[in-house]
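Please find below a short note on this model, set out as numbered points. The helix that follows the heading is taken up before the sheet.

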Amino acid sequence: MKRKALSNVHSDNLYEQIYDYIIERIGRGVWGAHDKLPSIRTLATEFNVHRLTVFKAYQLLKQNKKVYVKDKSGYYVMPENMLLIDSQQNPIISAHVQESSLSEIHQVRADYQFSIALLDPNLLPNHYFSEYIKKVFNLYPKVLGTYSSIQGDPELREALSRYFTDQSHFYLTPDELLITSGSQQAIDLIARGLIKPRDTVFLERPTYSPAIDVFRRQGANIIPIEIHPHGYQLEQVEGLIREHKPRLFYLNPTFHNPTGYTVPAEQRKTLVEMANKYQCLLIEDDPYPDIYFEKKPPLPFFSYDTAGCVIYIRSFSKYIAPGLSIAAVACRPSIMKYLLNTKSLSDSGTPLLNQKIFLHYFFSERLQKHVEKLRIALEIRRNIMEEELSDTGWKWATPMGGFNLWMKLPESTPMDRLLEKSIEKSISFVPGSIFDSLKEHQSWIRMSYSYLNETQLRDGLQRFVRIYHSLTSTQI
């Protein structure tokens with residue numbers, strides 16, 4: 001049976017509608033990696049268009065590395081990490097998948113897990129955490145039988161609106177906050193609610209790896225923006241904005257993951273003005289603002305926004321309560337309606353029990369004092385990591401907060417073998433290419449100092465350095 005004809009728009013745009021249709025079905029998993037796609041003739045018949053229109057859509061998919069061609073066989077879905085060798089215009093599939101994903105590395109069982117950017121559970125105030133669980137059940141005896149609202153518990157949103165106003169000068173109402181199950185759900189909601197196939201998205205390079213995957217799944221055209229120890233090259237960023245007209249720019253400007261860099265205040269103000277001028281949304285992901293070692297970081301981008309061009313994501317999972325998986329999204333009403341519509345399709349609201357426990361736990365005086373102790377403990381661990389690696393000759397910029405050290409090893413480092421040998425010796429780390437939308441940064445690695453205790457840090461790092469020297473000393 002023929003599919004309903006495409007909407008009656010200019011014929012030059014019909015191929016874009018077919019492109020969007022294929023991208024949407026790939027994103028939903030209807031067609032997976034290496035699946036054969038319908039033939040040009042089949043789609044032309046289904047959509048009642050000329051075959052050249054379908055051919056043009058497939059050419060654009062091929063150009064954007066969404067599909068590949070097998071000679072005399074047809075079009076196939078390209079995996080994100082598939083290598084192609086274009087010899088005489090005939091792509092050849094590499095039999096070897098070059099990269100592991102971040103989630104795969106996190107699943108590796110290791111005694112020395114430098115790959116996990118989470119807090120050592122022994123640094124959490126586990127003893128008195130249980131007191132707040134009991135308190136919640138006393139205050140809300142029916143909490144286990146109650147759904148939260150889609151937007152989040154009103155009591156928690158009221159408390160957080162006061163907190164953000166006091167701490168970060170946000171001046172927002174509870175209705176301008178959305179509670180999500182962690183920051184990754186927030187990123188996913190933003191992508192699904194605001195991004196269409198072929199929209200342009202700016203991502204820092206390097207950046208938080210799952211964000212790359214989320215925006216790619218939506219069919220976005222990703223443009224990398226370099227981040228440096230001093231922030232961004234703003235003239236270059238403005239030129240790229242004028243050229244590509246991005247829908248949004250996802251950034252992690254405070255103790256950036258993976259680099260640890262922090263964007264200075266003057267650049268934050270300028271970039272917010274630039275975003276407003278060119279109608280580009282800034283998505284500010286802020287998981288570590290309290291984990292600073294010498295002085296507080298600058299105010300968030302959202303603090304400088306008067307036009308509603310910033311969406312702020314504040315995760316409380318990394319160092320408050322990973323098991324509760326609570327994050328808050330701050331945005332103006334014109335954006336909030338899209339996020340609420342999208343979240344209503346995802347779940348019935350973030351679990352109410354988690355929100356109530358977090359409310360009483362986070363705003364307790366004991367926890368706020370505990371965060372001060374966390375800063376001291378993590379600064380000590382950062383110092384231990386730098387001390388143990390000081391004689392390697394590797395290069396890094398000392399992070400002034402957060403959980404990670406971003407290091408450049410010599411270009412000749414056999415990174416695949418280093419990861420393989422490290423895992424054999426029960427050590428994990430994250431290769432830098434995983435954080436790069438271009439799959440470069442081949443000689444960089446991220447090592448987290450937050451998850452292991454001081455003794456484990458020293459022992460694991462010494463073992464890792466020995467593995468590195470054993471590999472590099474045998475190279476010809």
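**Helix α8 and the sheet**

1. Ser209, Pro210, Ala211, Ile212, Val214 and Phe215 are the buried residues to note in helix α8, which spans residues 209–217. The model is a predicted one. Cover for the buried residues of α8 comes from elements including α4 (102–106), α7, β7, β8 and β9.

2. Just after α8, the backbone at glycine 219 adopts a positive phi, about 80 degrees.

3. Two of the strands that cover α8, β7 and β9, also pair with each other. β7 (residues 200–205) and β9 (residues 248–251) run in the parallel sense, and three bridges join them. Valine 201 has leucine 248, in β9, as its bridge partner.

4. Helix α7 (residues 183–194), another element over the buried residues of α8, packs on the sheet, where β6, β9, β10 (281–286), β11 and β12 are touched by the helix. The directions of α7 and β11 make an angle of about 155 degrees.

5. The sheet is open and has seven strands, in the order β6-β12-β11-β10-β9-β7-β8, and its pairing is mixed. The edge positions belong to β6 (177–180) and β8 (221–226); each has a single partner strand, so one side of each lacks a neighbour in the sheet. From one strand to the next, the twist averages 20 degrees.

6. Helix α6 (residues 154–168) lies across β6, β11 (310–315) and β12 (327–330). The helix runs at about 115 degrees to β6.

Note on methods:
Residues are numbered from 1 along each chain as its sequence is written. This is a predicted model: local features need pLDDT of at least 70, side-chain atom pairs count only at pLDDT 80 or more; totals for chains, interfaces and linings use all residues. Side-chain values use heavy atoms; hydrogens and water are left out. Two strands pair if DSSP finds at least two bridges between them. Helices (H or I, at least four residues) and strands (E, at least two) are DSSP runs, numbered from the N terminus. Axes are lines fitted to C-alpha atoms, for helices over the stretch in contact, and angles run from 0 to 180 degrees between N-to-C directions. Contact means heavy atoms within 4.5 Å. Buried means under 20% relative accessible area, exposed over 50%, partly exposed in between (1.4 Å probe, protein chains only).
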